[in-house]
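Got the model open in your viewer? Let's walk through it one selection at a time, starting with the ligand.

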Amino acid sequence: MDEMTKQRTLRASQPLWAETARISVRTRGKPSRQTYHTIVVGAGISGALVAQAVARPDRPVLVIDRRKPLGGSTMASTAMIQHEIDIPLTALSGMIGVARARRAWQRSAGAVLRLERLVRDLDIACSFERRATLLLAGDEMDGAALGKEAAARRKAGLAAEHLDADGVDARFGLKRDGGIVSDISASANPAQLAAGLLRAAAGNGAEIVSEVEITDVRSLGDRVAVATSAGALIEAAHVVFCTGYEFLKPLESRRHAIVSTWAFASRPKLALPDWLADHIVWEASDPYLYFRLGPEGRLIIGGEDEESSDAYLDEARMARKAARVREKFEALTGIDMGRPAFAWSAAFGTTDTGLPFIDTLSGTNNVHAVMGFGGNGITFSQIASEIIAARIDGHDDPDADLFRFPTR
Ligand SMILES: Cc1cc2nc3c(=O)[nH]c(=O)nc-3n(C[C@H](O)[C@H](O)[C@H](O)COP(=O)(O)OP(=O)(O)OC[C@H]3O[C@@H](n4cnc5c(N)ncnc54)[C@H](O)[C@@H]3O)c2cc1C
């Protein structure tokens, strides 16, 4: 049978997180029942958040993945959890209108705060820490453009401090034309975060089945049936596809693309500026460089994206990208990060507006999918869990209109 969600090699090499503790999740080899309240396809951060939001002891949930849990993109994430969307508020306003763009940015900020609360309430040990963000001027936006961007954000009720070149130099010792410092960001170990959420869902009765693929789905009025690669047919009131960059084939769109990205972690205890302990950094450039402090005093750094859906599989590029990122970081900070201790590359989804697609398949009221997550993937997964959980509960989320599936 044709695959429902085109399988890719989602990442190459071993990300830093694969070696950390508390990332294993107890799974079953096959579903124990034939009917569930909700079936969540995909056990990455999106599936984990959706399952956690939906599972209750009286509402059996199945999470099912063709890999082991967290075996997809979630393990590759550098987990800068930002409210800042890749497309600046000023640019997004031109694309979708000021009011909608403001709502998207405000929703993002709220999602970071709600994710922080969730992690605290569930007591998930995943190094979740609130951070400020420093956005540096680059070849896409100079200091003046960042000034306008900061003003637009403040009008939307989002704190954003604009710094000129002297301000950036005085506070951070960096030579750039300007910057924006904003609150409401965080960083975490994405694998521990997703594993903790899956365990919380399991604590509420969710079953997690791994290495079984969903090969077909049929909406039959108020029930949905899915077929598995093991030849089983399972039924539920709702199915949610949280399949990351292996999205459902009918949802292919010109507005959504898979590109290639690279990420690196330095050796431990790199001598880094003190301010990096509470700021994550990115730049208004294309491609952009981003970095943050990781565990054991390592620098986590990434970027160098290429508009190719398979360049990340090319081993020869890895060394070139590592050298380029090292050079850029040294040019900016004067610090040589050395040869990376971890280097990995992966597929990465982008959309024209920087916003994800979170919706219900047309012609059904119970087959939902979440996709199109770019640089704000984790924040968007949180938003997806809120919108989908509301829909499953029979409510409409007031911002659902911002994330509708593209009409090609
Ligand atoms: C290098 C890199 C750096 C990133 N940095 C950041 C960052 O700093 N901040 C941020 O917020 N986001 C970042 N992202 C984005 C973020 O990591 C992703 O948005 C997020 O991990 C996607 O999670 P997911 O659960 O949707 O997908 P995945 O983790 O890929 O999970 C989807 C799962 O679905 C399963 N699946 C697919 N099809 C089927 C099927 N038919 N049947 C059964 N199972 C199926 C797959 O096996 C997979 O395990 C980064 C991504 C990459 C690659």
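Select the ligand and expand to its neighbours: of the 38 residues around the ligand, Thr5, Ser46, Asp65, Arg67 and Thr74 come nearest (a residue is near when one of its heavy atoms lies within 4 Å of the molecule). Before going on, note that this is a predicted model, where local features need pLDDT of at least 70 and side-chain atom pairs count only at pLDDT 80 or more, while totals for chains, interfaces and linings use all residues. Residues are numbered from 1 along each chain as its sequence is written, and side-chain values use heavy atoms, with hydrogens and water left out.

Now colour the shell by class: 17 residues are nonpolar, 16 polar and five charged. Here Ala, Val, Leu, Ile, Met, Phe, Trp, Tyr, Cys and Pro count as nonpolar, Asp, Glu, Lys and Arg as charged, and the others, Gly among them, as polar.

Next, show the polar contacts (pairs of N or O atoms within 3.5 Å). Pick Ser73, where a backbone N or O atom sits 2.9 Å from a ligand oxygen atom. At Thr78, a polar side-chain atom lies 2.8 Å from an oxygen atom of the ligand. Then go to Met80: one of its polar backbone atoms is 2.8 Å from a nitrogen atom of the ligand. How much of the ligand's accessible area does the protein cover? Turn on a surface: 99% of the 1000 Å² that the ligand has on its own (Shrake-Rupley method, 1.4 Å probe).

Switch to cartoon. The elements giving two or more residues to the shell are α1, β3 (61-65), β16 (342-351) and α8; helices (H or I, at least four residues) and strands (E, at least two) are DSSP runs, numbered from the N terminus. The largest share, three residues, comes from β16.

Keep α1 (residues 45-54) and α8 (residues 377-392) on screen: their axes come within 8 Å and cross at roughly 35° (lines fitted to C-alpha atoms over the stretch in contact, with angles from 0 to 180 degrees between N-to-C directions). Show side chains on both. Among the α1 residues that meet α8 are Ile45, Leu49 and Ala53, and the α8 partners include Ile378, Ser385 and Ile392 (contact means heavy atoms within 4.5 Å). By class, this contact has nine nonpolar, four polar and no charged residues.

Two backbone stops to finish. Zoom to Asp286 and Pro287, joined by a cis peptide bond with omega about -5°; Pro287 lies in the loop between β13 (279-283) and β14 (289-293). Last, select Arg22, in the loop between β1 (11-12) and β2 (35-41): Arg22 is not a glycine, yet has a positive phi of about 55°.

Terms used:
A polar contact is a pair of N or O atoms within 3.5 Å; within protein, one must be able to donate a hydrogen and the other to accept it, and residues adjacent in sequence count only if both atoms are side-chain atoms.
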